[in-house]
Structures are given as C-alpha cells and as structure tokens.
Amino acid sequence: MTTVRLAAAAYPIDLLPDWAAYQTKLSAWVADAAAQGASLLVFPEYAALELVALLPSELHHDVVGMRPALQAFLPQFLALHAQLARQHGVGIVAGSLPVAQGSGFVNRAHVFGPDGTHSHQDKLMMTRFEAEEWFISPGTGLRVFELGGVRYGVVTCYDSEFPQMSRQLAEAGAEILLIPSFTGARRGYTRVRVGSMARALENQVYAVHAPLIADAAWTYAVEDAVGMAGIYTPSDDGLPEDGVLAQGGWNEPGWLVADLDLSLTRHVRADGHVLNWRDRVAATERVTPAEVVNLDQVRA
C-alpha cells in the first residue's frame, strides 16, 4: 500500500451529562471519519478527560483526586473504542488519559486495530504541569504499530519536541508519526507544530498533528486548549513546498482527512534534493563536543 487516508481530530471538550452522551458523541465522531474513508483515526492527547464531567463536582478541579476516580471508566472506555473499531473496520488512536501504573499514573494513548484488539503508547516526557501539579510519571519504551502494511509511531505532544524518540520510531520502520496534543496557549501549540514539522523533515516521513480544543471553565484539567489539526511533510519533490499537506482552521473542531502518499516520502528518502534520512548517520558521526572560541582573545 502506498496511499493511506488518515483523519486527525481537532476534538472539542464538552460538559457531558452522562456516559450515554459520551458514547453518542464518540460514536458519531468515529462514524463521520469512517464515512470519509479514513482507515486510521487520531484523537488528541487528554481528549478522554471529557469524562471528568461524569465525576462528582468536587473533583472537577482536583487534578490529583480525579486520577484514581477516572480509572472506573477505563473498562467501558476500552470496550467502546474496540466496538467502534470493529464496527467501522478502522484503526483508532484514542484520546489519552491518566492510567494507573505501578504506584503512580502515566499518560496513556490506547491504540486499536480494526478487529478491536488494542495496545498502547505512554508519553515519555512530562511537561511541568504534568510532573509538578498532576504528578504523572513518564512511561517507558516506544512501540511501532503496523496497520495495512504501514508502520506508525505515536509521539505525544511534548515528546515531539525531542528528536531522539521520533528517530527511534523511524529506525523501527515508522513512516508516519501520529502526534496527539493538548496545549493551553498558542505558544504551546506552536512548539508542538514546529517539533512535528522538524521530525517530518529530519526523518523524511509524514507527521499527523491532532490537537485538543477546549473552553471548559468547569474543569481545571483541560480548562483551555487551542490549536488546529495539521499534516506535515518533508519539503521536497512532489510534496508541499511549505511542508504542510493539509491543515484545519484555528480552534475549529472537526476531522482533518487527507491521503498520505508514501511513494512520495519513500522517493525523497532515496533521491530527494536533500537526503536527511540517509545522512543522519554521517551527521551523528561528525558531531563532536563544541569548542569554545573566545573572540575577545583571538588575534588575526
């Protein structure tokens, strides 16, 4: 397969009254993307925190107390996503949520295949909010997911700002990086967008950015979230000169659906104007500790 159709969600947080309302909303979103022919659907980081609305009101602003309380929804959450994946024959990267792991909690994105089976990718690098206020622990390990003969990696939000992770996924065969994000201000969104575009450039792969959208004063967890969905590429033969294959509107909820032609990224890896992927090894070998040159003391 050389062309895959993906859907990236700019997903809005709503104050839902009960589980049935969440099920109805999620079912409609999945059905919409599937009807547009998408084979893989990517929901944003912390999209599952919409379920905070179903907790007692005293937990809506208690980011520590809500973590264990959310675990009660996990079996239903997994079952619903598995059922929707089977029903529509699609892969789904579910909105992440804090999941109990050992003596703490990790930020986990569950990944479902079209038969309903699932795995997961935990976020590895915590933002200050996650580490200092929420006490979310870093996960361990990277996974590459294969669907329809194509390999994907999930690089959650802040993780996209560190080249090493995406490179390891690309080394393991990932040709598409999926980047769910939750950013409370435009500067945070910009950091993830720039990181995503850089990872697409240096690995010569596609990067798919799915942001959370929220204006939810009723919960401190995801009170504000901004962004726009985007799909980024290397800037080379046959691909967009600005590195943007498709993008949604600013803070505009909905699916961004696009066809990703892997023959184009494979071509630029092999015979592009630049060969970032091939030259990564030489670049690593040529990097030595930087020499400090004091220009105040240099004489011609």
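This section describes the annotated domain, two pockets, a loop threonine and two backbone outliers in a predicted model.

The UniProt record, an unreviewed entry, carries the annotation "domain: CN hydrolase" for residues 4-262. Helix makes up 28% of that span and strand 29%. The C-alpha atoms at its two ends are 8 Å apart.

Pockets were examined next. The largest pocket holds about 590 Å³ of space. Its lining comprises 25 residues, and those closest to the centre are Thr-127, Phe-129, Phe-182, Thr-183 and Gly-184. Helices α4 and α6 (186-203) each contribute at least two lining residues. By class, the lining has eleven nonpolar, four polar and ten charged residues.

The second largest pocket has a volume of about 160 Å³. It is lined by 16 residues, of which Val-111, Phe-112, Gly-113, Phe-145 and Leu-147 are closest to the centre. Strands supply this lining: β3 (91-93), β5 (104-112), β6 (118-122), β7 and β8 (150-154) each give two or more residues. The largest share, three residues, comes from β7. Ten of the lining residues are nonpolar, five are polar and one is charged.

Thr-219 sits in the loop between β10 (206-215) and β11 (224-225). Its relative accessible area is 0%. Thr-219 therefore counts as buried, the cut-off being under 20%. A polar atom of the Thr-219 side chain lies 3.2 Å from the backbone nitrogen of Ala-221. Beyond its neighbours within four places in sequence, Thr-219 is in contact with Val-52, His-60, His-61 and Met-66.

Backbone geometry was considered last. Most residues other than glycine have a negative phi. Two non-glycine residues with a positive phi are described here, Phe-135 and Asn-251. For Phe-135, phi is about 60°. This residue follows α4 (128-134), in the loop that leads to β7 (144-147). Its relative accessible area is 48%. Phe-135 is therefore classed as partly exposed, because the exposed class begins only over 50%.

For Asn-251, phi is about 55°. Asn-251 also belongs to a loop, the one between β13 (244-247) and β14 (254-261). With a relative accessibility of 30%, Asn-251 is partly exposed as well.

Methods: Residues are numbered from 1 along each chain as its sequence is written. This is a predicted model: local features need pLDDT of at least 70, side-chain atom pairs count only at pLDDT 80 or more; totals for chains, interfaces and linings use all residues. Side-chain values use heavy atoms; hydrogens and water are left out. Helices (H or I, at least four residues) and strands (E, at least two) are DSSP runs, numbered from the N terminus. Buried means under 20% relative accessible area, exposed over 50%, partly exposed in between (1.4 Å probe, protein chains only). UniProt positions are given in the numbering used here, feature names are shortened, and annotations may be inferred rather than shown by experiment. A polar contact is a pair of N or O atoms within 3.5 Å; within protein, one must be able to donate a hydrogen and the other to accept it, and residues adjacent in sequence count only if both atoms are side-chain atoms. Contact means heavy atoms within 4.5 Å. On a 1 Å grid over the protein atoms alone, a cavity is a set of points where a 1.4 Å probe fits but cannot get out, and a pocket is an open set with protein on both sides within 12 Å along at least five of seven lines; lining residues have an atom within 4 Å of a point. Grid points are joined across faces, edges and corners, and a volume is the space filled by probe spheres set on the points. Ala, Val, Leu, Ile, Met, Phe, Trp, Tyr, Cys and Pro count as nonpolar, Asp, Glu, Lys and Arg as charged, and the others, Gly among them, as polar.
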